[in-house]
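User: I want to check the labels put on a structure. Can we go through them one at a time?

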Amino acid sequence: MKGNFTESFMKGIFLICAVTSIIAILLMCIFIFAGGIPFIQEYGFKNFLLGTEWKPSNIPQSFGILPMILGSIYVTLGAVIIGVPIGLLTAIYLAKFSSKRLYRFLKPGINLMAGIPSIVYGFFALVVIVPIIRDVFGGTGMNVITASLLLGIMILPTVISMSEAAIRAVPNSYYEGSIALGATHEKSIFSVVVPAAKSGIISSIILAIGRAIGETMAVILVAGNQARMPVGITKGVRTLTTNIVIEMAYAADAHREALIATAAVLFVFILIINGAFLVVKRRTNLE
Amino acid sequence: MNRKDKIVIKDMDLYYGDFHALKNINMKIKEKYITAIIGPSGCGKSTLLKSLNRMNDLIEGLRIEGNILLDGKDIYGEDFDVNLLRKRVGMVFQRPNPFPISIYDNIAYGPRVHGIRDKKRLDEIVERSLRLAAIWDEVKDNLKKNALRISGGQQQRICIARALAVEPEVLLMDEPTSALDPISTAKIEELIEELKRDYTIVIVTHNMQQAARVSDYTAFMLKGDLVEYDKTEDIFSVPKDKRTEDYITGRFG
């Protein structure tokens with residue numbers, strides 16, 4: 001009977017491990033929504049999401065987060081425009097063109113990129129990208145472009161690794177079929193192999209969007225952080241994440257609740273992105 | 001009937017690294033005949049086939065000595081365009097490998113690669129190729145359907161149509177029916193018979209009955225050697241080599 005006990009005991013251990021992460025996400029959900037929703041109800045859903053004024057120290061206070069929502073969307077869009085083409089082409093190069101020797105250097109380099117703390121990226125952007133942008137566009141150099149460049153770099157490892165895996169997973173028979181028709185290596189890759197990896201590539205882009213929209217500590221250093229409606233890509237913006245970090249330390253009462261509600265909105269954004277990811281995945285499996 | 005030699009293989013040796021996979025192959029493949037290559041697994045028959053359109057180039061550490069002439073020109077010669085070679089010498093693979101796109105785009109892919117953009121001409125080529133591959137009637141109403149959503153036998157005929165769309169002179173078939181059921185196999189065999197009017201066909205097969213049924217010439221290979229190469233009826237009725245006889249009578253293999 002001893003063996004049986006060990007078995008069920010270990011089963012229990014495994015179950016607890018598996019459930020831990022689910023409990024964590026549930027607690028997070030409860031905390032964020034319990035903290036945020038009452039405030040949103042009180043302040044008004046429309047006023048909160050579509051309000052263009054964020055002035056917590058005014059009397060009366062105003063808590064419109066549209067500036068931050070737009071700020072997040074702008075820098076994320078910029079990051080996608082910059083990071084996705086570079087990342088995708090890099091992935092194609094790694095999977096189908098690079099020599100084995102070069103790959104041995106490139107691949108660990110990209111893995112390393114994924115492991116660098118975001119504050120280090122932010123600091124790099126602050127001392128390298130900000131001065132360049134300041135010289136080119138004038139102003140403080142802390143604006144949408146800077147933040148987009150930085151985030152574009154930061155999402156590269158996600159785009160590259162997942163797209164590369166997707167491209168490598170395409171059956172070699174597609175490539176052979178194309179080559180056997182007299183198509184060149186390049187033509188076969190771009191017309192047959194990469195399109196066949198489409199859903200994996202789209203998944204990588206969706207995850208990259210999630211990463212960009214959630215990034216905080218790096219963005220805070222270079223985005224300018226002005227809590228106002230965005231006025232152009234050479235002007236500063238504040239994102240949902242930075243809004244919380246900047247003000248949480250001293251916020252109280254309604255202000256504090258407004259920040260938690262901001263987190264709830266961010267959470268919904270991430271849920272939507274992950275939902276899209278799942279839909280793309282499922283469609284792939286059906287094919 | 002005296003037909004021209006379409007492909008001539010001269011003193012050909014092939015090595016994978018240190019492994020001597022094909023040993024001194026000499027073979028003349030006649031135009032507009034069906035030539036079958038038979039032999040047990042690992043005898044080098046697929047390797048030989050893939051040398052004819054240089055698909056072996058994709059394998060690292062592979063080395064070829066000797067010559068393979070297509071219409072008298074060395075396909076491994078320096079001035080021979082390998083992409084043009086593969087247009088002239090088409091290939092059908094063991095497992096049907098249509099691209100994961102529509103049937104129409106599968107067939108139009110090759111012509112597009114070779115510069116045909118005109119929609120009307122592409123339509124014509126697609127219809128003609130699908131008719132040649134005897135699958136037009138089955139798919140003509142579903143040309144936009146993803147080619148992976150049809151049966152394996154249909155997929156293989158789509159692959160044959162795809163190969164025919166670039167108007168090759170030679171068609172290489174690497175065990176084209178080994179992944180198919182008997183009915184699909186019969187359809188493909190019938191199709192191969194039809195195609196030999198216009199194309200030189202080289203088919204690798206595991207299946208001796210298939211070789212006997214469809215081919216005009218048969219080559220028997222064993223451990224990298226071309227043991228015997230003759231008219232199919234002679235190979236199967238009066239084999240000259242003891243090893244051929246043993247193989248076709250089922251004593252090994």
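Analyst: What follows sets values against their cut-offs. The model is predicted.

User: Why is R238(A) called buried?

Analyst: R238(A) has a relative accessibility of 9%. Buried means under 20%. R238(A) therefore counts as buried. R238(A) sits in the loop between helix 11 (217-222) and helix 12 (240-248) of chain A. Residues touching R238(A) include W54(A), P67(A), M68(A) and I246(A).

User: What makes the pair R238(A) and N243(A) a polar contact?

Analyst: Their side chains come to 2.8 Å. The cut-off is an N or O pair within 3.5 Å, with one atom able to donate a hydrogen and the other to accept it. The pair is listed as a polar contact. The side chain of R238(A) also has a polar atom 2.8 Å from the backbone oxygen of N225(A).

User: Which of the labels buried, partly exposed and exposed fits D11(B), and why?

Analyst: The relative accessible area of D11(B) is 45%. Buried needs under 20% and exposed needs over 50%. The value lies in between, so D11(B) is partly exposed. D11(B) belongs to strand 1 of chain B. Its phi is near 45 degrees, positive in a residue other than glycine.

User: And why is R54(B) called buried?

Analyst: R54(B) has a relative accessible area of 15%. The limit is under 20%, so R54(B) is buried. R54(B) lies in the loop between helix 1 (45-51) and strand 4 (62-70) of chain B. R54(B) is not a glycine, yet its phi is positive, about 60 degrees.

User: How do you know that strand 1 and strand 2 of chain B pair?

Analyst: Eight bridges join strand 1 (residues 5-16) to strand 2 (residues 19-30) of chain B. Pairing needs at least two bridges, so these strands pair. They run antiparallel. Y15(B) stands opposite H20(B). The hairpin has two residues between the strands, and G17(B) takes a positive phi near 60 degrees.

User: What makes E60(B) and K100(A) a salt bridge?

Analyst: The side chains meet at 3.9 Å, N to O. The limit is 4 Å from a Lys or Arg nitrogen to an Asp or Glu carboxyl oxygen, so the pair qualifies. The count between chain B and chain A is one salt bridge. By class, the side of chain B that touches chain A has 13 nonpolar, six polar and five charged residues.

User: How much area is buried between the chains?

Analyst: About 1600 Å² is buried between chain B and chain A, with 66% from carbon and sulfur atoms. The contact takes 24 residues from chain B and 19 residues from chain A.

Methods:
Residues numbered from 1 in each chain as written. Chains lettered and ligands numbered in written order. Predicted model: local features only at pLDDT ≥ 70, side-chain atom pairs only at ≥ 80, totals over all residues. Heavy atoms only, no water. Contact = heavy atoms within 4.5 Å. Buried area = accessible area lost by both parts, 1.4 Å probe. Nonpolar A, V, L, I, M, F, W, Y, C, P; charged D, E, K, R; others polar. Helix = DSSP H or I, 4+ residues; strand = E, 2+ residues; numbered from the N terminus. Buried < 20%, exposed > 50% of the residue type's maximum accessible area, 1.4 Å probe, protein only. Lists of a residue's contacts leave out its neighbours within four places in sequence.
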